[in-house]
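Q: Please take a close look at one part of this model, and then follow the description outward to the rest of the chain.

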Amino acid sequence: MAGRTARLVLLAGAAALASGSQGDREPVYRDCVHRCEERNCSGGALRHFRSRQPIYMSLAGWTCQDDCKYECMWVTVGLYIKEGHKVPQFHGKWPFSRFLFFQEPASAMASFLNGLASLVMLCRYHTSVPASSPMYPTCVAFAWVSLNAWFWSTVFHTKDTDLTEKMDYFCASTVILHSIYLCCVRTVGLQHPAVASAFRALLLLLLTAHVSYLSLVRFDYGYNLAANVAIGLVNVVWWLAWCLRNRRRLPHVRKCMVVVLLLQGLSLLELLDFPPFFWVLDAHAIWHISTIPVHVLFFSFLEDDSLYLLKESEAKFKLD
């Protein structure tokens, strides 16, 4: 929900710097990369590199040029530390110690665990909520959209490329829009299905236009940031307003309210931009880890609410 917006804010800010952070502007870094690529990334030297490169690294897309940038990053970091300077960023990211083929091990693992939590809660939802519940199809669709987003988040933090970056952005935006649609169905659509259908078509149109512009025209980080902050605010305000209005009548709504407030509070972690502890754990990874129980709580709310709506609809049917 709102947490995805905060994540997009940080990603947009980092990506805007990706073409020229302090570390990769350093002459020592540039010279190191140039010499490394000349020495290792062509002819017989490249064949030797490929022959000794672990298969999991090549399958993950790590190239000779990537290895040169990685090694020269640490050379530059070592010089900064030796001279008593603050550690710089490289290509919009802090230096991370690679583990196997994971570029950002903690964030990749946390993204995977968020996805796993979503999958477990989806299975629990399937088991405990009958398909006849009015919110069943919308909640299940939201769970799959979330799973897809966490998959691409895991891939992106494993290996940052143009494709994985865009998929991470686009899937995160899709989660926010689907959360808005979920809220629309819950607050309006159950009584007025035509309104929900029209609103769904509008959201799909907005998502298509958004992705098309960023993919086919230009990837404008400033526009992407503004668009996602806007839809994130709509998402937060709508859910929170509904929760406040129904908190006394529906006790389980408090879970949703706690989720919205927690995600807003945890979003502040994204502002604590610092070099990673042990070159692994940065603020973004800590935020990812902290959202795991929040997602569990939100799916628990969806389960409770779906069962409540089912009971309510069955009671109305008996009265009729």
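A: Thr76 is found in helix H6. The model is a predicted one, and that applies to every value below. Thr76 counts as buried because its relative accessibility is 1%, the cut-off for buried being under 20%. Leaving out residues up to four places away in sequence, Thr76 touches Gly23, Glu26, Val28, Tyr29 and Phe90.

The wider setting is a chain divided into two domains, with domain 1 covering 23-95 and domain 2 covering 105-318. Between the C-alpha centres of domain 1 and domain 2 there are 36 Å. Twelve residues from domain 1 and nine residues from domain 2 take part in the contact.

The size of an interface is often given as the accessible area lost when the parts come together. Here, domain 1 and domain 2 bury about 830 Å² between them. Carbon and sulfur atoms account for 67% of that area.

Charged and polar pairs also cross the boundary. Two salt bridges are counted between domain 1 and domain 2. For polar contacts, the count between the two domains is one residue pair, with both residues at pLDDT 80 or more. On the side of domain 1 that touches domain 2, eight residues are nonpolar, two are polar and two are charged.

In the structure as a whole there are eight salt bridges. The pair Asp160 and Lys93 links distant parts of the chain, 67 residues apart. Asp160 sits in the loop between helix H8 (136-158) and helix H9 (162-189), while Lys93 sits in the loop between helix H6 (64-82) and helix H7 (105-128). Their side chains meet in a salt bridge at 3.6 Å, N to O. Asp160 counts as partly exposed because its relative accessibility is 25%. Lys93 has a relative accessible area of 16%, so Lys93 is buried. This pair also belongs to a network of salt bridges that links Lys93, Glu104 and Asp160.

Two further salt bridges can be described in the same terms. In one of them, the side chains of Arg218 and Asp220 meet at 2.8 Å, N to O. Arg218 is partly exposed because its relative accessible area is 48%, and Asp220 is buried because its relative accessible area is 15%.

The other joins Asp304 and Lys255, whose closest N and O atoms are 2.6 Å apart. Asp304 lies in helix H13 (residues 283-319) and Lys255 in helix H12 (residues 253-266), so this salt bridge ties together parts that are 49 residues apart in sequence. At 26% relative accessibility Asp304 counts as partly exposed, and Lys255, at 25%, also counts as partly exposed.

Two more residues that lie in helices can be described by their surroundings. Ser107 has its place in helix H7. Its relative accessibility is 1%, so Ser107 counts as buried. Neighbours within four places in sequence aside, Ser107 is in contact with His157, Asp282, His284, Ala285 and His288. The C-alpha atom of Ser107 is separated by 7.8 Å from that of Leu281, although Ser107 and Leu281 are 174 residues apart along the chain.

Thr187 has its place in helix H9. Its relative accessible area is 18%, so Thr187 is buried. Not counting residues up to four places away in sequence, Thr187 touches Trp238 and Trp242. With Trp238 there is also a polar contact, made side chain to side chain at 3.2 Å.

To return to the starting point, Thr76 in helix H6 is buried at 1% relative accessibility, and Phe90 is one of the residues that Thr76 touches. Helix H6 is also one of the two helices on either side of the loop that holds Lys93, and the side chain of Lys93 meets that of Asp160 in a salt bridge.

Conventions:
Residues numbered from 1 in each chain as written. Predicted model: local features only at pLDDT ≥ 70, side-chain atom pairs only at ≥ 80, totals over all residues. Heavy atoms only, no water. Domains from an automatic or database assignment. Contact = heavy atoms within 4.5 Å. Buried area = accessible area lost by both parts, 1.4 Å probe. Salt bridge = Lys/Arg side-chain N within 4 Å of Asp/Glu carboxyl O. Polar contact = N/O pair within 3.5 Å; in protein donor to acceptor, adjacent residues only side chain to side chain. Nonpolar A, V, L, I, M, F, W, Y, C, P; charged D, E, K, R; others polar. Helix = DSSP H or I, 4+ residues; strand = E, 2+ residues; numbered from the N terminus. Buried < 20%, exposed > 50% of the residue type's maximum accessible area, 1.4 Å probe, protein only.
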